[in-house]
Amino acid sequence: PGIEEVNMFTGENSVIHFNNPKVHAALQGNTYVVSGKGEDKQLQDLLPGIISQLGNENLDVLKQLYSKMAAAGGDDVPDLTGNFEDVADEDSDDDDVPDLEES
């Protein structure tokens, strides 16, 4: 299996992102070489897929990003209205679905 991506975090809330890089390792020297086209990206451009790669040192950065998005009205999720359980019960009528036959 190949390596899909490599992300190198810089101290400026940016990431050097490599998509499908070639990685060579010299385990005796604990040295790795990553080759490919690296792109400078902002941390928020790679969210949410990059969250599992973040450490405790990035927690403050995430809090700042969330604060900026909330202040700018970045909440694009509409308010929930209605009772979804009632709608689900109405849709449970599966007359269009044929019964399974065992062979």
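With which side chain does the side chain of His17 make a polar contact? The partner is the side chain of Asn7, at 2.6 Å. This is a predicted model, with a mean pLDDT of 78 over the chain. The chain holds two helices and five strands, and the strands precede the helices in the order β-β-β-β-β-α-α from the N terminus. Of its 103 residues, 14% count as buried.

**Confidence and overall make-up**

- A pLDDT of 70 or more is reached by 78% of the residues.
- Strand E4 has the highest confidence, at a mean of 92, while helix H2 (residues 84–91) has the lowest, at 65.
- Contacts between residues at least 6 apart in sequence include 31% that join residues at least 24 apart.

**The three-stranded sheet**

- Strands E1, E2 and E5 form an open sheet in the order E1-E2-E5, with antiparallel pairing.
- Its edges are E1 (5–9) and E5 (38–42), each of which pairs on one side only.
- On average, neighbouring strands in this sheet are turned by 30° against each other, direction ignored.
- Five bridges connect E2 with E5, in the antiparallel sense.
- Across this pairing, His17 is placed opposite Glu39 of E5.

**His17 in strand E2**

- His17 is a residue of strand E2.
- His17 is classed as buried because its relative accessibility is 6%, under the 20% limit.
- Beyond four places in sequence, His17 touches Glu5, Val6 and Asn7 on one stretch of the chain, and Lys37, Gly38, Glu39, Lys41 and Leu46 on another.
- Asn7 and Glu39 thus both appear among the residues that His17 touches; Asn7 is also the side-chain polar partner of His17, and Glu39 stands opposite His17 in E5.

**Ser14 in strand E2**

- Ser14 belongs to strand E2, which covers residues 14–19.
- With a relative accessibility of 12%, Ser14 is buried.
- The side chain of Ser14 makes a polar contact of 2.6 Å with the side chain of Thr10.
- Outside its neighbours within four places in sequence, Ser14 contacts Met8 and Phe9, as well as Lys41, Gln42 and Leu43.
- Lys41 is in contact with Ser14 and is also touched by His17.

**The nonpolar core**

- The largest nonpolar core has seven residues: Val15, Leu43, Leu46, Ile50, Leu54, Val61 and Leu65.
- Ile50 touches two other members of this core, Val15 and Leu43, along with Asn7 and Phe9, when residues up to four places away are not counted.
- Two core residues recur in the contacts of the E2 residues described above: Leu43 is in contact with Ser14, and Leu46 is touched by His17.
- Asn7 is touched by Ile50 and by His17, while Phe9 is touched by Ile50 and is in contact with Ser14.

**The E3–E4 hairpin**

- E3 and E4 run antiparallel and are joined by five bridges.
- Lys22 stands opposite Ser35 of E4.
- Four residues separate the two strands of this hairpin.
- Asn30 is located in the loop between E3 and strand E4 (31–35).
- Asn30 counts as exposed because its relative accessibility is 62%, over the 50% limit.

**Positive phi at two asparagines**

- Most residues other than glycine have a negative phi.
- Asn30, in the hairpin of E3 and E4, takes a positive phi near 50°.
- Asn20 has a positive phi of about 50° although it is not a glycine.
- Asn20 is located in the loop between E2 and strand E3 (22–26).
- The relative accessible area of Asn20 is 56%, so this residue is exposed.

Definitions and conventions: Residues numbered from 1 in each chain as written. Predicted model: local features only at pLDDT ≥ 70, side-chain atom pairs only at ≥ 80, totals over all residues. Heavy atoms only, no water. Core = buried A, V, L, I, M, F, W, Y, C linked by side-chain atoms within 4.5 Å. Buried < 20%, exposed > 50% of the residue type's maximum accessible area, 1.4 Å probe, protein only. Contact = heavy atoms within 4.5 Å. Polar contact = N/O pair within 3.5 Å; in protein donor to acceptor, adjacent residues only side chain to side chain. Pairing = 2+ DSSP bridges. Axes fitted to C-alpha atoms, helices over the stretch in contact; angles between N-to-C directions. pLDDT = per-residue confidence, 0-100.
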